[in-house]
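Biologist: I am new to this structure and would like to be taken through it. Could we look at it together?

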Amino acid sequence: MADGIWEAVDRYFLDTIVGQDAALAEAQRAAEAAGLPPISVTAAQGKLLHLLVRIHGARRVLEVGTLAGYSTIWMARALPPGGTLISLEYEPRHAEVARANLDRAGVSGVVEIRVGAALETLPSLEGPFDLVFIDADKENNPGYFQWALRLSRPGGVIVVDNVVRGGKVADPASADADALGVRRMVDLIAAERQVAATAIQTVGGKSYDGFLLAVVNG
Ligand code: SAH
Ligand code: DHB
Ligand code: MG
């Protein structure tokens, strides 16, 4: 099936129930103007993250992989008064674009971006977090997931983006580094009795991919 229909359906729900205000649309424009890769979550996925933060009543959120702050804005806007979000980003240029986007969206007061390789900044963080969204370099997913587990409260939610990648995750012939990173993370989760997890395949503006959802027992 062509991606065209998936995009049209994403657009239909964006225009009807998902909604996206000027600041979110501007965040995407600013990212494009700055030459950042067009790999943020779709509006529908951003809204899902927003709803998960609300449903879970999350007050402390951690994000790995900020890019232009698009997913960051969706989640930050779901925080209750006093809630905070820390987002980790390797590229100073991305962090700079994100900070301007967060400002325009009115959430810079509740979001802190820490620049550096996430595996180096994660050890300096103090948990517990209520929800962690992992969306950076996929080959480091096993390490990110282990840190997310360590930094989560019992009952904490962990979401991992891009775990399907056009089906590569389940293709034994694929030597794609990203797919291997996802698979090593999945093996780790499969062996971990402290989490309950599932993965959902998605189509849409970002073609065929999927996300993983886990909750830390406790
Ligand atoms: N969550 C964003 C998209 C993130 S794209 C959204 O949906 O809007 C992935 C981001 O991870 C990129 O900005 C990339 O620079 C960053 N990244 C790559 N390697 C990283 C690392 N080792 N540590 C932290 N961030 C990294
Ligand atoms: C890529 C990264 C993402 O986080 C994403 O949602 C899509 C693609 C990438 O690195 O290609
Ligand atoms: Mg992603």
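Modeller: The following conversation goes through the bound ligands and a few residues of this predicted model.

Biologist: Let us begin with the metal. Which residues are the protein donors of the magnesium ion (ligand 3)?

Modeller: The magnesium ion (ligand 3) has Asp135 (OD), Asp161 (OD) and Asn162 (OD1) as its protein donors, and they lie 2.0 to 2.2 Å from the ion.

Biologist: How are those donor residues spaced in sequence?

Modeller: The spacing of the donor residues is D-x25-D-N.

Biologist: And are aspartate 161 and asparagine 162 buried or exposed?

Modeller: Both aspartate 161 and asparagine 162 are buried. Aspartate 161 also has a side-chain partner: a polar contact of 2.9 Å links it to the side chain of glutamine 45.

Biologist: Where is glutamine 45 placed?

Modeller: Glutamine 45 belongs to helix H3, which covers residues 43–56.

Biologist: Why does glutamine 45 count as buried?

Modeller: Its relative accessible area is 15%, and the cut-off for buried is under 20%. Glutamine 45 is therefore classed as buried.

Biologist: Next, ligand 2. Which residues are around it?

Modeller: Around ligand 2 are Ile39, Asp135, Lys138, Asp161, Asn162, Arg165 and Lys206. By class, this shell consists of 1 nonpolar, 1 polar and 5 charged residues.

Biologist: What are the distances from oxygen atoms of ligand 2 to side-chain N or O atoms?

Modeller: For the side chain of aspartate 135, the distance from an oxygen atom of ligand 2 to an N or O atom is 2.6 Å. The corresponding value is 2.8 Å for the side chain of asparagine 162 and 3.0 Å for that of arginine 165. On its own, ligand 2 has 290 Å² of accessible area, of which the protein covers 71%. Aspartate 135 and asparagine 162 have already appeared here as donors of the magnesium ion (ligand 3).

Biologist: Turning to ligand 1, which residues come nearest to it?

Modeller: There are 21 residues around ligand 1, and Gly65, Ser71, Glu89, His94 and Asp135 come nearest. The shell divides into 10 nonpolar, 6 polar and 5 charged residues.

Biologist: Which polar atoms of the protein lie by ligand 1?

Modeller: An N or O atom in the side chain of glutamate 89 is 2.6 Å from an oxygen atom of ligand 1. From the backbone, an N or O atom of leucine 67 lies 3.3 Å from an oxygen atom of the ligand, and one of alanine 118 lies 2.9 Å from a nitrogen atom of ligand 1. The protein covers 90% of the 580 Å² of accessible area that ligand 1 has on its own.

Biologist: You mentioned His94. Where does histidine 94 lie?

Modeller: Histidine 94 is part of helix H5, residues 92–104. It counts as buried because its relative accessibility is 16%.

Biologist: What is histidine 94 in contact with, leaving aside its neighbours within four places in sequence?

Modeller: With those neighbours left aside, the contacts of histidine 94 are Leu36, Pro37, Leu67, Ala68 and Glu89. Histidine 94 and glycine 35 are 59 residues apart along the chain, and 9.7 Å separates their C-alpha atoms.

Biologist: One last topic: where is the place of alanine 179?

Modeller: Alanine 179 sits in helix H8, residues 177–191. With a relative accessible area of 2%, alanine 179 is buried. Apart from its neighbours within four places in sequence, alanine 179 is in contact with Lys168, Val169 and Ser174.

How values were computed:
Residues numbered from 1 in each chain as written. Chains lettered and ligands numbered in written order. Predicted model: local features only at pLDDT ≥ 70, side-chain atom pairs only at ≥ 80, totals over all residues. Heavy atoms only, no water. Donors = N, O, S within 2.8 Å, 3.2 Å for Na, K, Ca; no water. Buried < 20%, exposed > 50% of the residue type's maximum accessible area, 1.4 Å probe, protein only. Helix = DSSP H or I, 4+ residues; strand = E, 2+ residues; numbered from the N terminus. Contact = heavy atoms within 4.5 Å. Near = heavy atom within 4 Å. Polar contact = N/O pair within 3.5 Å; in protein donor to acceptor, adjacent residues only side chain to side chain. Areas by Shrake-Rupley, 256 points an atom, 1.4 Å probe, with all protein chains shown as cover. Nonpolar A, V, L, I, M, F, W, Y, C, P; charged D, E, K, R; others polar.
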